[in-house]
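Got your viewer open? Let's walk through this one stop at a time, selecting as we go.

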Amino acid sequence: MTQGWVQIAVFLLVLTALVPPVGGYIARVFRGERVFLSPLLGPVERFSYRALRVQPADDQDWKAYARSIVVFSLLSWLVLYLILRTQSIQPLNPEGFGAGPWNLSFNTASSFVTNTNWQYYGGETTLSYFVQMAGLTVQNFVSAAVGIAALAAVIRGFVARSGAALGNFWTDLIRINLYLLLPISLLAALLLVSQGVVQTLDGSQAFHMLAGGTQTLALGPVASQEAIKELGTNGGGFFNVNSAMPFENPGGLTNMVELLLILIVPASLTFTFGRMAGNRRQGWALYAAMMAMFLVAVAVVYAAEQHGSPAQHHAGVLTHAFDGSSGGNMEGKEQRFGIAESSLWTAVTTVTSCGAVNAALDSLTGIGGLVPLASMGTGEVVFGGVGSGLYYMLLFVLLTVFIAGLMVGRTPEFLGKKIESREVKLVLVGVLVTPLLVLFASSWALASTDGTQSIYNHGPQGFSESLYAYMSQANNNGSAFAGYTGFVQPHAPGNAGAYGYDFANLLGGLVMIVARFLPMIAALAVAGSLSGKRIAPAGAGTFRADSPTFVALLIGVVVIVAALTFFPAFLLGPVVQGLSNQLF
Amino acid sequence: MNGLRKDLTTATTAIVVLTLLLGVAYPLVTTGVAQLVFPNASNGSKIELDGKVVGSKLIGQDFRGLPRYFQSRPSATEYSADITFFNNLGPNSRELSDFFAEQLSAYLRRERRFDPGLGAAEVPVDATATSASGVDPHISVANARIQAHRVAAVRYLPLADVLDLVDEHTDGRFLTLFGEPGVNVLQLNLALDRGAGR
């Protein structure tokens, strides 16, 4: 395992080294300053403002900002739904796929507009290149940009000296796409292609294999979507098996590049926050809290997977490592990633709201599977989704400040601003909506026959699958215990036609939408409420939010909220399997 | 209401502009540059034999029932590269455990004839577990070294030469650090068919 730990340590060092420059760059983008790409992209930016008839400096208060987000997302949803429903009459459809069923399209449109990228469909057997490009790739970009823009507005409210202005959504939307997401995606896509990630408009190719029989290579514009899928913490694979497919992720280099792409924006945003708050220590304090929780997640999943599964041990398969073999639970994992990089990937993609997978999560060991569930159960604040992770974490910061204030009997304050009743109420709305949705939706799914028809595995794993489905969709993550199904594949064994389950598709779609936008609006409302408040200078009695004590307290609050909400559910599914050798 | 109406028109224009930029221009430019600079990689890293495509070096193939070839890892999808899915059986699944037991005994039955000392403790985990993609191009080095006994015997090649070929077709870690070493089965079998080791 030493070799595996060295890989993980080097990766995290590289990430940490990149945080200040990227975080500083994003701060410049948020502030509307010139950046090194301005000479190149400035004309496109100005053209966009003219086309949208937007004055870049036209500030919005929190209500106007939130309204623009909601209107934009609603229209995006409608356009994507229509694109999915009319696939059969569109170009770039070499395999001749038909239009999506209404229930599946509802789920998919909700999924991509909310930056969730939960997938009940299999990409290469369902969607044309046109839908993947003009429909899904676009939402990969803009849903990420919406999250980052909302964070930019929230930060402005937190640090404002006066007034109600949180910036202009349309300006943020354009600048974030143009100066942050697009250039990195373009470079990353070409790097991925150089390693074997495919990028073509040609249809699939069939041939005779070396030993006889035929094989058909599904191809497509994969790299361009792969890059933004990771960078925007989206996670929706071009292929059904996502980043386990060699054409999405062919080796050790691409795996590391894709992991960096996933973490770089959410990790760097902590630095951006520190920079804009004029207190770098504050940014690093948030980074430290996130990193500490992340390290626990990766350590647990790695150790659990290396130990192997009861299914292996019962069969007499020995799971120890030896020269030339990684050992461990290799079921549903790729040889080129082994246990270490599959475990690292699993932790990275579930603490962030990426949800891409390079291994089959349904086949993780009991405790290994608990890690992604619990990571999502924190509300995706450990780095989290791009933008959404940090604004969610800032709600937890206010909650921590409030609780600390209660403990020592002082008026809680953060960045010199008093946290009062209105803010705390809004924080509670933001923090509790998602867990309540998870519990409500997964209970309903488990208690009804409409819900249980989606389950694949017997015993506690079936329970875990249901819990995972709604945990993932409510936290806008998108990874899955993929045995859980809401759509029966066209060519799957025993099924002639494609059809979706109404219950799974509709409940999941609604959960994703509510859990995306309610907390976002609550965070914007908090920012709006804070923006006008006077900044009091820190005094001797101020409880500093950039101290190690605060970091520990913040972690405690995040963990306790998640544990109080989900502990019983975790016990019934993954923990039972982790503690038992019984087969089901 | 005025603000809402303005938002609606702005959002409509924004979606059109961003779709053209991010959904059309970006993927097409990427495709153009990729096809120009990396023609082989962008089209699936295909391998040819006698001028005919026989596979992709990144996609594993089915060699079951043919003892002269190294065998790929078990696949839940019959090695399909256009309909992919996971096996999805849980860690405490009886069905999965039965599958492992079956794979283990089949592996031992196949290889023990040529590697008499082989016991269950020496069989690496990748040989009994399905891969995630169903088309994992690699097997572990330990797996390949065991299979080398059989391939050498069936092809009348010295074992040492086959083991050298295994080393030659082992993809190491990136920068000797990232990833897990694996032996590319298709490329190794192709090299054998081309007469390497003879």
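Start by selecting L92 in chain A: with 15 C-beta neighbours inside 10 Å, L92(A) counts as partly exposed. Bear in mind that you're looking at a predicted model. L92(A) sits in the loop between α3 (62–85) and α4 (102–113) of chain A. Check the backbone there, too: phi of L92(A) is near 50°, a positive value in a residue other than glycine.

**Zoom out to chain A**

Now select the whole of chain A and switch to cartoon. You'll have 19 helices and six strands on screen. How does the radius of gyration of chain A compare with the globule rule for 584 residues? It comes to 23 Å, close to the 25 Å that the rule gives, so chain A is as compact as a globular protein of that length. If you draw a box along the principal axes, the C-alpha atoms of chain A fill roughly 75 × 55 × 50 Å.

Of the 584 residues in this chain, 63% count as buried. Take the contacts in chain A between residues at least 6 apart in sequence: 77% of them join residues at least 24 apart.

**Where the chains touch**

Bring chain B back and select the contact between the two chains. Chain A puts in 117 residues and chain B puts in 93 residues. Which helix gives the most to the side of chain A that touches chain B? Colour helix α7 (residues 169–194) of chain A, which gives the most, with nine residues. Then colour that side of chain A by class, and you'll get 57 nonpolar, 50 polar and ten charged residues.

**Chain B in two pieces**

Hide chain A and give chain B two colours: one for domain 1 (2–40), another for domain 2 (45–193). The centres of these two domains of chain B, taken over C-alpha atoms, are separated by 42 Å.

**The sheet in chain B**

Next, pick out β3, β5 and β4 of chain B. These three strands form an open sheet in the order β3-β5-β4, with antiparallel pairing. β3 (138–139) and β4 (170–171) of chain B are at the edges with a single partner strand each, so one side of each has no neighbour in the sheet. Strands of a sheet pair through backbone hydrogen bonds, so that's what to display here.

Between β3(B) and β5 (residues 182–184) of chain B, look for two bridges; the two strands run antiparallel. Label I139(B) and you'll find V183(B), in β5(B), standing opposite. Helix α6 (residues 185–193) of chain B packs on the sheet, touching β3 and β5 of chain B, and its direction makes about 50° with that of β5(B).

For a quick side trip, follow the loop between β4 and β5 of chain B to L175(B). Buried or exposed? L175(B) is exposed, with 12 other C-beta atoms within 10 Å. L175(B) also has a positive phi, about 55°, although it is not a glycine.

**Last stop: V166(B)**

Finish by selecting V166(B) in helix α5 (residues 159–168) of chain B. V166(B) counts as buried because 21 C-beta neighbours lie inside 10 Å. Leave aside its neighbours within four places in sequence, and V166(B) is in contact with A144(B), R145(B), A148(B), V183(B) and L188(B). You've already met V183(B) opposite I139(B). For one last distance, pick the C-alpha atoms of V166(B) and S93(B): they are 73 residues apart along the chain and separated by 34 Å.

Definitions and conventions: Residues numbered from 1 in each chain as written. Chains lettered and ligands numbered in written order. Predicted model: local features only at pLDDT ≥ 70, side-chain atom pairs only at ≥ 80, totals over all residues. Pairing = 2+ DSSP bridges. Helix = DSSP H or I, 4+ residues; strand = E, 2+ residues; numbered from the N terminus. Contact = placed C-beta atoms within 7 Å. Axes fitted to C-alpha atoms, helices over the stretch in contact; angles between N-to-C directions. Rg over C-alpha atoms; globule rule 2.2 N^0.38 Å. Buried ≥ 20, exposed ≤ 12 C-beta atoms within 10 Å, placed from the backbone. Nonpolar A, V, L, I, M, F, W, Y, C, P; charged D, E, K, R; others polar. Domains from an automatic or database assignment.
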